[in-house]
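This briefing concerns a single molecular structure, shown below. It is organised by topic.

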Amino acid sequence: SSGINAEYGGSNSPVGKLYLTNLKKLIEETYEINGQKKVNIVAHSMGNIYMLQFFKQVSKYWKNKYIKRYIAISGVFGGAVKSIRALVSGEIESIPRVLVDANAVRSFQRSFQSVY
């Protein structure tokens, strides 16, 4: 069994559309290189949203031919509510407010690129 890593950009951007095209080619090549064995897909966090977009674009026949299984780890299928709450309020759910200033936390959290 071999592992491949396919990192992504936004699916609606030109880069994201190219990513989805290249992902399809990568899966097909992996299938062929490994003796026409179906491919296991493992996606994490926002990668699951991109996989959902990808699976909407390919036919059922294609999925049945090339995909053995899809494993979603920590998918954000319900949205990123906690991230938005953190940006707005300085979410510090597990830390007592007497120990940490929410405004300081908010500024710190707004510096995280992964929140956007």
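How many bridges join strand 1 to strand 2, and in which relative direction do the two strands run? Six bridges join them, and the strands run parallel. The model is a predicted one, and the points below treat its strands, its largest nonpolar core and one residue of helix 1.

**Strands**
- Strand 2 comprises residues 67-73, and its residue Tyr70 stands opposite Ile41.
- In strand 1 the side chains alternate in direction.
- Val39, Ile41 and Ala43 point to one face and are buried, whereas Asn40, Val42 and His44 point to the other face and are not buried.
- In general, the side chains of a regular strand alternate between the two faces of the sheet.

**Largest nonpolar core**
- The largest nonpolar core has 15 residues, among which Ile27, Met51, Phe54 and Trp62 touch the most other members.
- Two or more residues of this core come from each of helix 1, strand 1 (39-44), helix 2 (47-57) and helix 3 (60-66).
- Helix 1 supplies the largest share, with five residues.
- Leaving aside residues up to four places away in sequence, Met51 touches Leu23, Ile41, Ala43 and Tyr70.
- As a general tendency, nonpolar side chains in soluble globular proteins are buried together.

**Thr30**
- Thr30 belongs to helix 1, which spans residues 14-33.
- Thr30 counts as buried because its relative accessible area is 10%, under the 20% cut-off.
- The side chain of Thr30 reaches the backbone oxygen of Leu26 at 2.7 Å.

Conventions:
Residues numbered from 1 in each chain as written. Predicted model: local features only at pLDDT ≥ 70, side-chain atom pairs only at ≥ 80, totals over all residues. Heavy atoms only, no water. Helix = DSSP H or I, 4+ residues; strand = E, 2+ residues; numbered from the N terminus. Buried < 20%, exposed > 50% of the residue type's maximum accessible area, 1.4 Å probe, protein only. Polar contact = N/O pair within 3.5 Å; in protein donor to acceptor, adjacent residues only side chain to side chain. Core = buried A, V, L, I, M, F, W, Y, C linked by side-chain atoms within 4.5 Å. Contact = heavy atoms within 4.5 Å. Pairing = 2+ DSSP bridges.
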